[in-house]
Structures are given as C-alpha cells and as structure tokens.
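Hi everyone, thanks for coming. I'd like to spend a few minutes on charged side chains and where they sit, so please have a look at what is on the screen.

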Amino acid sequence: MGLSNLNMYTGGLLSLLYSAGPVAKAVVIILIIFSIVSWTIMLYKLKQYRRVEKEGERFIKIVKEVDSFKKLITMYRESPDNPFYRLILATYKEISSRQRDNPNIKPETIPLIENVLKITISEESERLERRLSFLATTANTAPFIGLFGTVWGIMDSFREIGIRGTTSLAVVAPGISEALIATAIGLATAIPAVLAYNYFVGRLKRIISKLENASMHILNILEK
C-alpha cells in the first residue's frame with residue numbers, strides 16, 4: 001500500500017496510525033515498547049519458572065531417597081544457576097566452615113544451617129522475582145498512557161471542528177477513531193501484563209514453598 005493510499009482515511013489500523021498526530025504516535029510507540037518488553041519478560045519467566053519447578057520436583061525426589069548429605073551432594077549435581085543446587089551449596093559451605101575444628105556436625109550447628117538456608121531462600125526469591133515489577137508497572141500505567149493519547153486526540157478533533165466550522169460525522173469520526181486507538185492499544189498492552197503478573201506471582205509462591213520444603217529435607221538429613 002502506497003503512502004498516498006495510507007494518507008486517506010479508510011478506517012484501517014495502519015491508516016489510523018498514519019494519520020494520527022505526533023503526540024498520539026509517540027504514545028503508541030511508547031505503548032508498543034512497553035508491550036514488547038512485557039512479552040519478552042513473560043516468555044523469559046515462563047521458561048525460567050518451568051525449569052526451576054522441574055528441578056524442584058527432581059530435587060524432592062532425590063532428597064527423599066538418600067540418607068546422608070554426602071549422598072545428596074553426589075546424586076544432585078547441577079549448574080550453579082539452579083536455586084535448589086544453591087541450597088545444597090550454602091549448606092555445604094556452612095558445614096565445611098564448622099568442620100574445620102570438628103569433623104562431626106554438632107547439634108548446635110543445625111540452627112545455624114537453618115538460618116543460612118532461610119537467607120538463601122530469601123536471596124533466591126528475590127532473584128526469581130526480578131523483572132516481575134515491570135509487568136505490574138505496565139499493567140498499572142499503560143491504560144493511563146493510552147488515555148492520555150485519547151484525550152489529546154479528542155482535543156485535536158475539537159480543534160479541527162473549530163477550524164473547519166462543521167460538526168458533521170465525516171469530520172468528527174476520523175479524529176475520534178484516531179484518539180481511541182491509543183486507549184485500545186493501552187488496554188491491549190495492560191491486560192496481558194496484569195494476567196501474567198498474577199499468574200507468575202502464584203507460580204513463584206509455589207516455587208518458594210518447594211524451596212522451603214527442600215530446606216526442611218536437608219535439615220532432616222543432617223539431623224540423622
């Protein structure tokens with residue numbers, strides 16, 4: 001489609017965007033950037049949480065089968081990027097530092113290891129929660145950004161009515177359509193973001209619950 005054709009109002013999306021004013025175009029560009037970043041985060045979190053949950057199920061299965069922490073380390077060797085692996089690593093470092101003077105695990109060492117595991121879970125929760133705040137920001141701000149574009153577009157439409165001196169539907173309708181498209185894109189950006197944010201928050205809670213269960217299994221093994 002040539003530019004001359006796009007310049008004519010046809011009711012199509014591209015025609016509306018092309019004929020919109022500079023403010024409306026800037027609003028649409030901002031919303032599109034929000035949308036692209038949001039969908040990138042959604043796909044990344046979907047892949048990340050799926051992998052972590054899978055590793056969590058595998059960890060729980062292994063930790064129920066072993067009877068010593070040494071066997072757990074032997075059987076569960078994963079990349080450092082795994083939160084469940086970092087629980088084992090933190091426990092191992094704490095035990096190693098305590099066993100320099102005494103090779104046996106003293107009963108008073110268990111509460112210290114428990115604190116280390118709680119700190120590790122807190123750090124992993126913070127790591128897994130990263131970038132979710134952008135989805136919440138998109139969900140909260142995108143409709144207002146779109147509304148701003150709509151209000152600005154309606155103001156332009158009224159100015160056009162004043163210049164042409166007519167209120168006929170043929171003059172008013174294109175301007176209103178151009179204005180409303182900003183709100184439509186704002187909602188199209190915000191709705192997936194808010195749905196994804198709520199979904200990932202729920203999934204994150206389940207992962208944290210698995211991490212807490214995993215830490216309890218580790219403590220039970222150490223107390224044997």
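I'll go through some salt bridges and then finish with one hydrophobic residue. Please keep in mind that this is a predicted model.

So, how many salt bridges does the structure hold? There are six. Let me start with the one between E53 and R203, where the closest N and O atoms are 2.9 Å apart. Now look at where the two partners come from: E53 belongs to helix α3, residues 22-65, while R203 belongs to helix α8, residues 169-223, so this pair ties together parts that are 150 residues apart in sequence.

Is E53 buried or exposed? With a relative accessible area of 13%, E53 is buried, because the cut-off for buried is under 20%. R203 is buried as well, at 7%.

Let's move to another pair, R86 and E124. Their salt bridge has its closest N and O atoms 2.5 Å apart. Here R86 sits in helix α5, which spans residues 83-98, and E124 sits in helix α6, which spans residues 109-129, so the link ties together parts that are 38 residues apart in sequence. R86 has a relative accessible area of 16% and is buried. E124 counts as buried too, with a relative accessibility of 1%.

Stay with E124 for a moment, please. Which other side chain does E124 meet in a salt bridge? That is R127, at 3.4 Å from N to O. R127 and E124 are both in helix α6, and because they are three residues apart there, about one helical turn separates them. R127 is partly exposed, with a relative accessible area of 30%.

There is also a network to point out: salt bridges that share partners join E53, R203 and R206 into one. So if you were still looking at the E53 and R203 pair from earlier, you can add R206 to your picture.

Last stop, and no charges this time: I62. Its place is in helix α3, the helix that also holds E53. At 9% relative accessibility, I62 counts as buried. What does I62 touch, if we leave out residues up to four places away in sequence? The answer is L72, M75 and Y76. Taking M75 from that list, the C-alpha atoms of I62 and M75 are 7.4 Å apart in space, and the two residues are 13 apart in sequence.

That's my tour, and I'm happy to take questions.

How values were computed
Residues are numbered from 1 along each chain as its sequence is written. This is a predicted model: local features need pLDDT of at least 70, side-chain atom pairs count only at pLDDT 80 or more; totals for chains, interfaces and linings use all residues. Side-chain values use heavy atoms; hydrogens and water are left out. A salt bridge is a side-chain nitrogen of Lys or Arg within 4 Å of a carboxyl oxygen of Asp or Glu. Helices (H or I, at least four residues) and strands (E, at least two) are DSSP runs, numbered from the N terminus. Buried means under 20% relative accessible area, exposed over 50%, partly exposed in between (1.4 Å probe, protein chains only). Contact means heavy atoms within 4.5 Å.
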